[in-house]
Amino acid sequence: MTSKLNIEKIKKIVVGHKATSGVLGKIVVYALLIGVSYIFLYPLIRMISMSFLTQSDLINPEVDWIPTKLSFANYAVANRVLQLLPPSLANFSENAFTAILGIFKDGGNMWKSIKNTAILAIIQTAIAALTGFAFARYEFKFKKFWFAMVLLSFVIPLPMVTIPRVMMFFDLQDSVWLPFIELIQGTFLESIFKPRLFNTLFPQATLTLFGQGINGAILVLIFFNFFKMIPISLDEAARIDGATSTQVFWHIYVKLVIPIIITVFLFSFVWNWNDVYSSRIYFWDKNPLITMRLGAFDSQFSDMAGTIPGTGGEARLNEAYRMAATFLSILPLLIMYVLAQRKFIEGIERTGMTGE
Amino acid sequence: MKKKKKASKLTRSSNKAAYMFLLPWLIGFILFVAYPFFYTIYLSLFYVVRDVTGWTYEWIGLGNYEMAFFRNTTFNPLILDFVIVELTYVPAILVLSLILSLLLNTNIKFRAGFRMIYFFPVVVLSGPVMTQLINSDSTTNIDVTEIIVFRMIENFSPFLADMIGGIFNNFTLILWFTGIPIILFMNGLQKMNSQLYEAAQIDGANSWQILWKITLPNLKSTALVVAIFSVVQIAIFQVNPIYTFVVDTITSNYVKGLGFAGAIVLIYSVIVLIFVGIVFILLRDRDKVIYEESLRERKERMRLKMIKLQQQRNQKSLSEQVKDFFKKTIDKLKKKEVSQDDQQA
């Protein structure tokens, strides 16, 4: 009698009455989750490990993960090729004063990327907030139609609308911008404005300003759902006290939604940082964006090695340099993620894309 | 009358305010999405080049499409590759993210930690990063080509083997796409009505039955969102074979003309939209219909029940009537007896 009871008890503990409540089920779940985590992180770990390997370590069959000695030489090379730090810092020891002055002249690609991406992200966040607010708080004609269009603008593949956009910017450059440049020639303004619209941030900034930045629809959805959660009585109370629409938006909503603004900004920053497509199309080849530089890393490396491509320069290129460069290019994103990972996950949960 | 006027004025002013907030997006949509969308279709029928005087158009009808399909040797295989990538990646992403979210949704510790690991690729995922990782062999950690089952499949059908091999060779890439889907699925799971599970458990369903009969049908709408998102995301990703070709034709369009680029882009977009359509048809939410049907059934059942109840009530009254009838007859008989007695008297 007692032995039978014990067996049943043990069975209950091991198997459980639900699939995942017993010890056995738990072990399987943990094993799967940890195994998948390993595959998720494998490229990252491999990247970091490889970026420290020297040329001899790479060839050495005994070295797999841990380098024989710690050296940051690969990072130095990656930095030179990608021009991350201000280039004037290279001769810091010779002339410290001009080196520091040089920082203001040319801040290096890391600084420029962060600056450009932040500009785009700020514009995108502001426009997404306005659009999301309009959809969440107002009843107006054709609301459903426009909302469907927001979703549609996400589904339409970007290349489909790219060519006319490029043509429009060409037309703008020819018919508006060049006459303007001619007009201001000889004045002090000449040094401020560049004679071309391409190879600057202008096309991307314009698109973002009109709500067509990368993944703009998702950001609008995040704001839409968050604004809808705020009780409308707050809004009504303010209106009874005589506040205008703009005042309501600014004093009530914007101040309430600062956490969600940060979330959207982070997402926008990350997506703009990784948006190689728009950069390639509108910014062309002089883009300081590091992900773009990384795409041209191999050719840039062989150019800088001072040899004809395909002979010496490319031969000297190895995985360790590449991995160091890759790691540096995602480093700002990783830092952001580690600091604010909660916000990222909340942001996707807030899109409310499930259920609707 | 006065009230009505006031109301219409109010709505008009709210219309105005709403469109004021919407204006930047609205201009952007018309100028940069709606107009380009149709203009690309128009462009694809012309030979367009830019010279000193501006854009020159020359009508060539379907010439660009002819060039894309029949005279260009690289385009057709790329389309096929692209279709295969979408066909294999999207179901793989769906299944993997569903399994992972189900595992994460059980009663485990360190859930936040696991979720953080699974979400991090969303932040770093970009074309050049992925290309560099693949070039340096940092992504392949499973080699299936040596496994005997794979050899058997390869003998059976090289095409199928190619697809399966593609999944396993790019397993990390596929996993890295699941960051956002996992969060969406988990969100969908948590929103689900817990009473459904309890009811099923009381009825004696086991976990496996609950998974297939309750959890999965309820996740259909989430799966639709995830699938559309994945289709769109993969289409614009650099590792996708057609991406580089499309971008190169757009940026170096002066050689073959912008119209050719337009045709290429149009074909590519149509494929993507077809995939979105297929996904939509496959995963469309039919729950509402089922719900309505069940409602109708319930109504019908209720009606039948009511009829039965009424009948019961009628029966009751019938028996009472019978009783009354008996009572009356007995009374009458008694009365008759009394009257007979009187007469006898």
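**Entry 1: domains of chain A**

Which residues does the domain assignment of chain A give to domain 1 and which to domain 2? I looked this up before anything else, and found domain 1 at 2–51 and domain 2 at 98–350 in that assignment. I kept in mind throughout that this is a predicted model. The centres of the two domains of chain A, taken over C-alpha atoms, are separated by 42 Å. For the contact between them I noted four residues from domain 1 of chain A and six residues from domain 2 of chain A. On the domain 1 side of this contact I found three nonpolar residues, one polar residue and no charged ones.

**Entry 2: confidence**

I then turned to the scores, and wrote down ipTM 0.81 and pTM 0.81 for the model. For chain B the mean pLDDT is 80, with 87% of its residues at 70 or more. Among the elements of chain B, I found the highest mean pLDDT, 90, in H3(B), and the lowest, 58, in helix H14 (residues 253–256) of chain B. Over residues 1–10 of chain B the pLDDT stays under 50, and the model has zero contacts there beyond four places in sequence. Where pLDDT is low, the predicted coordinates should not be read in detail.

**Entry 3: where the chains meet**

How many residues of chain A are in contact with chain B? I noted 76 residues of chain A, in contact with 81 residues of chain B. I next looked up which elements give two or more residues to the chain A side, and these are helix H2 (23–51), H6, helix H7 (143–155), helix H8 (158–183), helix H9 (202–209), helix H14 (276–283), H15 and H18 of chain A. By class, the residues on this side of chain A divide into 50 nonpolar, 16 polar and 10 charged.

**Entry 4: helix H13 of chain A**

I checked the length of helix H13 (residues 258–273) of chain A, and its end C-alpha atoms are 22 Å apart, which agrees with the 22 Å that its 16 residues should span at 1.5 Å a residue. The buried residues in H13(A) include Ile260(A), Leu266(A), Phe267(A), Trp271(A) and Trp273(A). What do the buried residues of H13(A) pack against? I found helix H6 (108–137), helix H10 (216–229), helix H15 (290–295) and helix H18 (319–350) of chain A, together with helix H4 (111–124) of chain B.

**Entry 5: helix H9 of chain B**

I compared this with helix H9 (residues 179–191) of chain B, whose 13 residues reach 19 Å from the first C-alpha to the last, close to the 18 Å expected at 1.5 Å a residue. Because 10 of its 13 residues are buried, H9(B) is largely enclosed by the rest of the structure. Among these buried residues I listed Gly179(B), Pro181(B), Phe185(B), Met186(B) and Asn187(B). Their cover includes H18 of chain A, along with helix H3 (75–104), H4, helix H8 (171–176) and helix H12 (220–235) of chain B.

**Entry 6: chain B as a whole**

I counted 16 helices and two strands in chain B. Of the 345 residues in chain B, buried residues make up 30%. Among the contacts in chain B with a separation of 6 or more, 76% are between residues 24 or more positions apart. Strand S1 (residues 46–51) and strand S2 (residues 54–59) of chain B pair in the antiparallel sense over six bridges, and a hairpin of two residues joins S1(B) to S2(B). In this pairing I found Arg50(B) opposite Trp55(B) in S2(B).

**Entry 7: single residues of chain A**

Most residues other than glycine have a negative phi. I therefore noted Phe142(A), which is not a glycine and yet has a positive phi of about 60°,. Phe142(A) lies in the loop between H6 and H7 of chain A, and counts as exposed because it has 11 C-beta neighbours inside 10 Å, where 12 or fewer is the cut-off. Asn215(A), also not a glycine, has a positive phi of about 50° and is found in the loop between H9 and H10 of chain A. Is Asn215(A) exposed, partly exposed or buried? With 19 C-beta neighbours inside 10 Å, Asn215(A) counts as partly exposed, since buried begins at 20.

Finally I looked at Gly35(A) in helix H2 of chain A, which is exposed, with 10 other C-beta atoms within 10 Å. Its C-alpha atom is separated by 34 Å from that of Phe154(A), 119 residues apart along the chain.

Terms used. Residues are numbered from 1 along each chain as its sequence is written. Chains are lettered from A and ligands numbered from 1 in the order in which they are written. This is a predicted model: local features need pLDDT of at least 70, side-chain atom pairs count only at pLDDT 80 or more; totals for chains, interfaces and linings use all residues. Helices (H or I, at least four residues) and strands (E, at least two) are DSSP runs, numbered from the N terminus. The expected span of a helix is 1.5 Å times one less than its number of residues. Two residues are in contact if their C-beta atoms, placed from the backbone, lie within 7 Å. Domain bounds come from an automatic or database domain assignment. Ala, Val, Leu, Ile, Met, Phe, Trp, Tyr, Cys and Pro count as nonpolar, Asp, Glu, Lys and Arg as charged, and the others, Gly among them, as polar. Two strands pair if DSSP finds at least two bridges between them. pLDDT is the predictor's confidence in each residue, from 0 to 100.
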